[in-house]
Amino acid sequence: MPVSIGFVVLLSTIYLHAGTHRDFQAGKLLDVSSDERLVEGTTVKHAVYEVQLGDIIYFARGERIHVHSGDVGHGLVVGDAVQAAIEGDNLILQRPDGKEIKTKIIQRKRADSGTP
């Protein structure tokens with residue numbers, strides 16, 4: 001009996017780990033800014049990440065910014081390479097410490113080809 005319980009726990013762990021695997025790709029962090037929105041009479045400020053993956057630039061709204069939030073970019077440096085994954089309408093960014101930032105894509109646009 002204990003062997004079958006251990007087997008079930010092992011399979012559950014493998015399944016959960018496999019379910020969180022993301023297909024990250026190399027991109028470039030172009031900017032980290034913020035936007036303000038009025039929500040039920042209260043002004044709410046969120047981080048906005050601008051990331052280029054291939055020839056597409058993604059603008060994605062991140063977590064709410066509080067007065068003493070500190071580093072909104074969580075260690076990410078504008079202009080540096082960043083690992084990112086697209087999951088539906090979400091852009092997932094990998095922080096330098098290995099943790100992830102889940103953001104909501106609010107705009108996509110083609111990168112300027114540089115030719116008039």
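Strands β3 and β6 (residues 100-110) run antiparallel and are joined by six bridges. One place to look is Ile57, whose bridge partner in β6 is Lys109. Keep in mind that this is a predicted model.

On to β3 itself, which covers residues 56-64. Seven of its nine residues are buried, so the strand is largely enclosed by the rest of the structure. β3 also pairs with strand β2 (residues 42-53), again in the antiparallel sense, this time over seven bridges. Here Glu50 has Phe59 of β3 as its bridge partner. The two strands, β2 and β3, make a hairpin with two residues between them. In that turn sits Gly54, with a positive phi of about 65°.

Then there's β1 (residues 25-39). It is joined to strand β4 (residues 81-87) by four bridges, and the two run antiparallel. Lys28, for instance, finds its bridge partner Ala81 in β4.

Here are those three pairings side by side:

| Strands | Sense | Bridges | Example of bridge partners |
|---|---|---|---|
| β3 and β6 | antiparallel | six bridges | Ile57 and Lys109 |
| β2 and β3 | antiparallel | seven bridges | Glu50 and Phe59 |
| β1 and β4 | antiparallel | four bridges | Lys28 and Ala81 |

As background, strands of a sheet pair through backbone hydrogen bonds, either parallel or antiparallel.

Put the pairings together and you get a closed barrel of six strands, running β1-β2-β3-β6-β5-β4 with antiparallel pairing. From one strand to the next, the twist averages 40°. Along the sequence the pattern reads α-β-β-β-β-β-β, that is, one helix and six strands.

Now for a closer look at one residue of β1, Asp35. Its relative accessibility is 17%, and the cut-off for buried is under 20%, so Asp35 counts as buried. Its side chain makes a polar contact with the side chain of Arg61, at 2.7 Å. Setting aside neighbours within four places in sequence, Asp35 is in contact with Val44, Lys45, His46, Val48 and Arg61.

Zooming back out, the protein has 116 residues, and 28% of them count as buried. It exposes about 8,000 Å², with carbon and sulfur atoms supplying 55% of that area. As for contacts with a separation of 6 or more, 49% are between residues 24 or more positions apart.

Technical notes
Residues are numbered from 1 along each chain as its sequence is written. This is a predicted model: local features need pLDDT of at least 70, side-chain atom pairs count only at pLDDT 80 or more; totals for chains, interfaces and linings use all residues. Side-chain values use heavy atoms; hydrogens and water are left out. Buried means under 20% relative accessible area, exposed over 50%, partly exposed in between (1.4 Å probe, protein chains only). A polar contact is a pair of N or O atoms within 3.5 Å; within protein, one must be able to donate a hydrogen and the other to accept it, and residues adjacent in sequence count only if both atoms are side-chain atoms. Contact means heavy atoms within 4.5 Å. Accessible areas come from the Shrake-Rupley method with a 1.4 Å probe; for residues, only the protein chains shown count as cover. Two strands pair if DSSP finds at least two bridges between them. Axes are lines fitted to C-alpha atoms, for helices over the stretch in contact, and angles run from 0 to 180 degrees between N-to-C directions.
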